[in-house]
Amino acid sequence: MGIAVLFIPAPWNHLNLSSQGGTYMLDLGPYRWKEYLGSLRDRTEQDEEYVIPHGDWFESVSSPHYLAEIVIYAGLLVASGGTDLTIWLLFGFVVANLVFAAAEMHRWYLRKFDNYPSNRLAIIPFLY
C-alpha cells in the first residue's frame with residue numbers, strides 16, 4: 001500500500017502571507033547581503049581599502065547574513081517538530097559557530113574603523 005501525498009493549498013490569511021514574505025526575504029536576503037559585501041571591493045581603486053557596509057539590515061547588525069542563516073535553521077527546527085536530537089545539535093552548532101564568527105567580525109570592524117556606527121550590534125538586533 002503506497003502513501004498518497006495531497007497538496008492542499010493553505011488559506012490566504014495574514015499568517016500565511018507573512019510566512020511567505022518571511023521565506024522570500026530569508027531566501028534572498030543572505031544572497032543580496034553577500035553580493036553587496038563582495039561588491040564593496042569590486043572597484044580597483046579600493047583594492048587596498050576596506051569599506052563599512054551600510055543599508056538594509058547592516059544598519060542594525062554587522063552580520064545580517066549570519067542572522068538570516070540562524071533564522072533559516074530555526075525554521076528547520078520548528079518544521080521538524082523539535083523532537084529530533086540531530087536537528088537540535090545541528091541548530092546548536094550553527095548558532096554557536098555563526099555567533100562566534102559574527103562577534104569576531106564585529107570586533108574587527110570596531111578595531112579597524114574609528115567611525116564604525118556605535119549603535120550597530122554583532123548579530124542579534126537589540127540584544128547582541
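**Helix H3 and its surroundings**

In H3, the buried residues are Ile87, Phe91, Val94, Leu98, Ala102, Ala103, His106 and Tyr109. These assignments, like everything below, come from a predicted model. The helix itself covers residues 85-112. With its 28 residues, H3 stretches 40 Å from the first C-alpha to the last, which is close to the 40 Å expected at 1.5 Å a residue. At the start of the helix sits a contact from Asp84: one of its side-chain oxygens comes to within 3.2 Å of the backbone nitrogen of Thr86.

Charged side chains come next. By the rule applied here, the model holds 1 salt bridge. Its partners are Glu104 and Arg107, whose side chains meet at 2.8 Å, N to O. That distance fits comfortably under the cut-off, because a salt bridge requires the side-chain nitrogen and the carboxyl oxygen to be within 4 Å. The spacing in sequence is worth a look as well: Glu104 and Arg107 are 3 residues apart in H3, so about one helical turn separates them. As for exposure, Glu104 is partly exposed at a relative accessible area of 32%, and Arg107 is also partly exposed, at 38%.

His106 lies in helix H3 too, but here the side of the story is burial. Its relative accessible area is 13%, so His106 counts as buried, the limit being under 20%. Setting aside neighbours within four places in sequence, His106 touches Ser62, Tyr116, Arg120, Leu121 and Ala122.

One of those contacts, Tyr116, leads on to the aromatic residues. The count of aromatic pairs comes to 4. Among them is the pair of Tyr109 and Tyr116, which is stacked, with 5.0 Å centre to centre and 10° between the planes. The label follows from the angle, because planes under 30 degrees apart count as stacked. Both partners are buried: Tyr109 has a relative accessibility of 8%, and Tyr116 has 6%. Tyr109 belongs to the buried set of H3, and Tyr116 is in contact with His106, a residue of that helix. The ring pairing takes in further residues, with Trp108, Tyr109, Phe113 and Tyr116 linked into a cluster.

Conventions. Residues numbered from 1 in each chain as written. Predicted model: local features only at pLDDT ≥ 70, side-chain atom pairs only at ≥ 80, totals over all residues. Heavy atoms only, no water. Helix = DSSP H or I, 4+ residues; strand = E, 2+ residues; numbered from the N terminus. Buried < 20%, exposed > 50% of the residue type's maximum accessible area, 1.4 Å probe, protein only. Expected span 1.5 Å × (residues − 1). Polar contact = N/O pair within 3.5 Å; in protein donor to acceptor, adjacent residues only side chain to side chain. Contact = heavy atoms within 4.5 Å. Phe/Tyr/Trp six-rings, centres within 6.5 Å; stacked < 30°, edge-to-face > 60°.
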